[in-house]
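Please look over the sequence and the structure below before reading on. The report covers the cores, the surface and the salt bridges in turn.

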Amino acid sequence: MLYIIMVVVLQALITLTLLLSLIKNRESVLNMLLLYIGVVTLDMGYEYFIIQKFGYESVLYEIPGSLRVFKGLIFLYIATHLIHAKWRDKLKYLIVPLTLVVIHHAIALSAKMLGLSWADLAISSYKSYFVYYSYYWIACLVLCIYLLTRYRKNITHPAAGNFRYLVGYVLLGVLIFWAVYKLGWDTLIYQKIYSLLFLFQFGWILYVYILTYQHKLQEQQNISHSSAPKETYLYKDLSKIDFDSVQSAITSFYQESHDYLDEEFTLDQLSGYLKISKADLSITFNKHLHSNFHEYTNRNRIQHFKQILSEDPSASVTDLAFQCGFKSKSTFYKYFKKEFDCLPSQLVH
């Protein structure tokens with residue numbers, strides 16, 4: 001009994017940690033992918049503990065782990081972030097009902113182990129969630145695939161294509177397992193295979209993590225090069241650059257497109273959109289726009305933030321800052337103060 005109660009308490013603490021991570025990292029694709037790995041691993045660990053301690057047919061194992069309910073939410077966060085959906089931050093309101101499921105699980109297990117009279121009722125009501133869990137999980141995966149396909153032109157993140165394949169892979173596995181269950185076949189064997197298939201997911205996610213990390217290193221190198229244009233001048237005939245056209249193209253892009261609101265937006269991507277070399281762009285930023293790519297982008301993000309805040313003064317400043325492409329609050333406040341010399345709350349009033 002003590003072991004199960006310890007597991008329940010540990011799961012509650014882990015859930016709290018996961019929620020804090022979810023709230024803090026919901027704008028980071030990489031951290032969200034790692035969070036997904038954590039959720040799946042902990043959920044499988046819970047089941048393994050129950051099997052080893054009480055046997056596969058134990059009534060306790062028949063109570064599904066509760067952490068899995070967060071998988072759909074994590075995938076939706078990633079998908080809506082990749083397509084730059086303005087409503088993506090509304091997903092945070094789903095955290096509350098999903099947390100209640102976890103709390104219900106902890107109470108039901110504790111009641112069962114303590115032999116309380118209402119334990120069976122608590123367990124029965126908890127298990128009723130999972131009559132609909134498969135529909136919820138499949139709906140989340142289908143919605144992710146739809147959004148990633150429907151709005152693929154808005155996607156600039158290097159991991160987006162592979163993420164769509166991952167969602168399709170997970171959906172296929174879920175549908176097969178669901179079909180096996182509905183047909184009354186032996187789900188035990190397939191469940192073991194299904195668990196092993198998670199290894200492919202983990203391997204892919206780690207691969208994407210490494211790939212995107214390399215992409216970030218390349219981005220940092222580009223930023224450092226763009227902040228030191230004098231070296232570029234040595235190898236460039238400036239008389240051949242039509243600065244007016246380049247400046248006009250840059251200005252129009254930031255006025256008409258919202259691609260720069262992606263936190264992973266780079267000078268390489270801007271060069272690809274405008275069909276202008278990075279060297280010409282860097283020189284134009286410094287000689288004619290009196291800035292560099294990084295600063296100019298963040299200044300436009302601040303202006304976009306101001307516009308959204310003026311339309312909805314009650315909106316969360318932090319949430320809007322992340323929506324506008326800032327990776328941290330400190331960077332946001334740094335550029336906001338530089339641009340307006342006041343706090344966002346003072347700007348509204």
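The sections below describe a predicted model, from its nonpolar cores to its salt bridges.

## Nonpolar cores

The largest nonpolar core has 52 residues. Within this core, Phe75, Trp137, Leu141, Phe163 and Val170 touch the most other members. Two or more residues come from each of helix H2 (29–54), helix H3 (69–82), helix H4 (95–114), helix H5 (119–127), helix H6 (133–150), helix H7 (160–182) and helix H8 (187–226). H3 gives the most to the core, with ten residues.

Val170 can serve as an example of the packing. Leaving aside residues up to four places away in sequence, Val170 touches Tyr36, Phe75, Trp137, Leu141 and Gln201. Apart from the largest core lies another one, of 32 residues. Its members include Leu267, Phe285, Phe293 and Ala315.

## Nonpolar surface patch

Val96, Leu100, Ile103, Ile107, Leu114, Leu116, Trp118 and Leu121 make a nonpolar patch of about 780 Å² on the surface. H4 supplies the largest share of this patch, five residues. H4 is also among the helices that give two or more residues to the largest core.

Leu116, one of the patch residues, sits in the loop between H4 and H5. Is Leu116 buried or partly exposed? Its relative accessible area is 36%, so Leu116 is partly exposed.

## Annotated transmembrane regions

An unreviewed UniProt entry places the feature "transmembrane region" at residues 6–23, 30–51, 63–83, 95–118, 130–151, 163–181 and 193–212. Two of these spans can be set against the model.

Residues 95–118 are 83% helix and 0% strand, and the end C-alpha atoms of this span lie 27 Å apart. For residues 130–151 the figures are 82% helix and 0% strand, with the end C-alpha atoms 31 Å apart.

## Around helix H12

Helix H12 covers residues 278–288, and Ser291 is found in the loop between H12 and helix H13 (293–311). The relative accessibility of Ser291 is 4%, so this residue counts as buried. Not counting residues up to four places away in sequence, Ser291 touches Phe285, Asn286, Tyr296 and Arg299. Of these contacts, Phe285 is also a member of the 32-residue core.

Ser282 has its place in H12 itself. With a relative accessible area of 7%, Ser282 is buried. Ser282 and Asn292 are ten residues apart in sequence, and their C-alpha atoms are 6.6 Å apart in space.

## Salt bridges

How many salt bridges does the model contain? The count comes to two. In one of them, the side chains of Asp319 and Lys92 meet at 2.5 Å, N to O. Asp319 lies in helix H14 (residues 317–323) and Lys92 in the loop between H3 and H4, so this pair ties together parts that are 227 residues apart in sequence. Asp319 counts as buried, at 8% relative accessibility, whereas Lys92 counts as partly exposed, at 25%.

Asp268 and Lys278 also form a salt bridge, with the closest N and O atoms 2.9 Å apart. Asp268 belongs to helix H11 (residues 267–274) and Lys278 to H12, so the parts that this pair ties together are ten residues apart in sequence. Asp268 is partly exposed, with a relative accessible area of 33%. Lys278 likewise counts as partly exposed, at 31% relative accessibility.

How values were computed:
Residues numbered from 1 in each chain as written. Predicted model: local features only at pLDDT ≥ 70, side-chain atom pairs only at ≥ 80, totals over all residues. Heavy atoms only, no water. Core = buried A, V, L, I, M, F, W, Y, C linked by side-chain atoms within 4.5 Å. Buried < 20%, exposed > 50% of the residue type's maximum accessible area, 1.4 Å probe, protein only. Helix = DSSP H or I, 4+ residues; strand = E, 2+ residues; numbered from the N terminus. Contact = heavy atoms within 4.5 Å. Patch = residues over 30% accessible without salt bridge, like charges linked within 9 Å, V, L, I, M, F, W, Y side chains within 5 Å. Areas by Shrake-Rupley, 256 points an atom, 1.4 Å probe, with all protein chains shown as cover. Salt bridge = Lys/Arg side-chain N within 4 Å of Asp/Glu carboxyl O. UniProt positions renumbered as here; feature names shortened; annotations may be inferred.
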